[in-house]
Structures are given as structure tokens and as C-alpha cells.
Amino acid sequence: MNHRRTELLAAGAATVTVILWASAFVSIRSAGAAYSLGALALGRLLSGALALGVICLIRREGLPPRSAWRGIAVSGVLWFGFYMVVLNWGEQQVDAGTAALVVNIGPILIALLGARLLGDAMPPRLLAGMAVSFAGAVTVGLSMSDDGGASVLGVILCLLAAIAYAGGVVAQKPALGSATPLQVTTFGCFTGAVVCLPFAGQLVSEAADAPASATLNMVYLGVFPTALAFTTWAYALARTTASRMGATTYAVPALVVLMSWLALGEVPGLLTLAGGTLCLAGVAVSRSRARRTAAAPVTAPEPQPQPQPESASDPA
């Protein structure tokens, strides 16, 4: 019963994460009109770090143990800092289809690195589900593409973002063995903010001219898709494998389509809906478990007939 409850809580936390990460794409479109990429990343991380810091003080979490600092530092630099800037930069250089193709190899890299470095199992259902979801994510990206073309720089940046995302997740997993999800997220966010400090001048100058709606969206990005969503992510990651968590993020493109429809009035086409359905179907397959077959009943062996003495009429 306790194991089942833990699985349900982890699944609920993962659901909160993907919903909030999907909502981030809508807010980024508003905030991104007034803030440059680096300034937006720094403002988001500072907002998230402030919210997380207050919660840590209230809960008296304290500092993470020394054994967790390496994983926190690596994930903070790669995922919280480098990834957020490079991904936004890369998506400005390529069309949506190319970005979907390159960036969404991230969960695949997580599975490969998790198997190599963390000893994660790679059952057939996980691999099949990731293949289906990857196809769906690319379909969504292609259907929403504006045919803007792709530059070599843009492809490289998106690839670096995928590698940073995978490396950050795999580095974060061991840290959760000795530190709490809140500690890992808080100090990872602090680390990412330090990495983005070179954009502090841009943030100050752009905040003076930005409309209140853009600034509020930036704060929302920091408090909810960063502070809350990364904490629920860490909670779920501590209770499952990195590979399964990576596969779960393939639900984000489908939710982005739905939220863009509801919040921005962008009615999706049939190809977009089909891609979103594939994403969700792949996640369902990757998180499912094979049914255990009932053991066959053990029956007593039938008595064997006793050998009879040969007679003259038996064949030789």
C-alpha cells in the first residue's frame, strides 16, 4: 500500500510539473516581447530563487549535505542557467519543426545517460513510448512551424540545450539521495541565477521600460514554472528513474497546444492535434507497467505404470 501511495504522489507531482512547464510557453511569449533572452532568464531565476529562499527559511531546511553539492552545482549550471538562455536563443534561429526535432532528443539522452551512469533500466515499453512521443513532438513542431528556416547556429544551440537538459537531470538524481527536493531546487536555482548575472545590466534597463504585464509574466515564470514546478519535478525524480521522468516531459507539447488554444485563441489544426495525441499516448505507454502473469498451478505428477515382465508374444 505504501509503495502504491508513493507512486501516486510521484505521478501527481510530475503532472503538476508538466502543466506548469507547458504554461511557461504562453507567459514567455508575453514577457519575451519586452525582455531579451538573458534578462528574461535572469529575472525568472531571481524570482524563483527569492520564492524558494523564503520557503526554505520558513521550513528551516538549512544547507544541503556536502555529498549533494556536486549534483546541485552541475544541474544548476547546466539546467537552470545554461539551458534557459541557450534554448531561447536557439529557438529564435530555427523554425519550430527543427527546434522540436533537436530539443526533444533531450529525454532520449536522459534515458541513455541514465542507463549508463545511474543504472536505469530501459524496458521495451519505455523505449516504445518515447519513440511514439518523439514522433508526436516533431509532428506538433512541424505543424506549428512558420517555415522560417534553420541556421547551423540555431541547430547547434538547440542541440546544446538538449545536452544541458539531459546532463542536468542525470546530475540532479544522485543529489536527491541525500538532500531534499526543496534543497536541491533552491540551491540549483541560486546557482543558475549566478550563471546569468552577466545579464543583470540588461534586466535593470529593460525593466524600467517594460509594461507591467510583461514583468508580471516574468515573475510568474519564476514562482510557478521554476520554483514550484522544479520542486515537484525533484520530488517525483527522487521516487522514480530519470528515464521515466524524462519520458513524462513529452506531455508538454500536447499541453502547450491546449493552453495556446484556450489562452491565446490559437485553434490547432488536425496535424497539431494528431501530434499532441501521439505525445500523450507515448507518455501513457512509457509509464505503464507490464502485467504480471499468474503462476501456473503446481500439479502432482501422474503415477507411472509399473513395467510388466516380457512375454513370448512381445516383439524383440
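**View 1. Phe-82 sits in helix 3, which spans residues 69-93.** In this predicted model, Phe-82 has 34% relative accessibility. That puts Phe-82 among the partly exposed residues, because the class covers what falls between under 20% (buried) and over 50% (exposed).

**View 2. Phe-82 also belongs to a nonpolar surface patch of about 510 Å².** Its partners in the patch are Val-152, Ile-156, Leu-159, Leu-160 and Ile-163. If you're wondering who gives the most here, that's helix 7 (residues 152-175), with five residues.

**View 3. Zoom in on the largest pocket and you find about 1,400 Å³ of space.** The lining counts 42 residues, and the closest to the pocket centre are Phe-25, Leu-87, Asn-88, Glu-91 and Val-256. Quite a few helices chip in: those giving two or more residues to the lining are helix 1 (2-31), helix 2 (37-59), helix 3, helix 4 (96-103), helix 6 (124-143), helix 10 (212-237) and helix 12 (251-264). Helix 3 gives the most to this lining, with seven residues.

**View 4. Step back to the whole chain and you see 13 helices and zero strands.** Start at the N terminus and walk along: each element you meet is an α. Of the 316 residues, 47% count as buried. Take the contacts with a separation of 6 or more, and 92% of them join residues 24 or more positions apart. As for the outside, the accessible surface comes to about 16,300 Å², and carbon and sulfur atoms hold 67% of that.

Technical notes. Residues numbered from 1 in each chain as written. Predicted model: local features only at pLDDT ≥ 70, side-chain atom pairs only at ≥ 80, totals over all residues. Heavy atoms only, no water. Patch = residues over 30% accessible without salt bridge, like charges linked within 9 Å, V, L, I, M, F, W, Y side chains within 5 Å. Areas by Shrake-Rupley, 256 points an atom, 1.4 Å probe, with all protein chains shown as cover. Salt bridge = Lys/Arg side-chain N within 4 Å of Asp/Glu carboxyl O. Helix = DSSP H or I, 4+ residues; strand = E, 2+ residues; numbered from the N terminus. Buried < 20%, exposed > 50% of the residue type's maximum accessible area, 1.4 Å probe, protein only. Contact = heavy atoms within 4.5 Å. 1 Å grid on protein atoms, 1.4 Å probe; cavity = no way out; pocket = protein on both sides within 12 Å on 5 of 7 lines; lining within 4 Å. Points joined across faces, edges and corners; volume = space filled by probe spheres on them.
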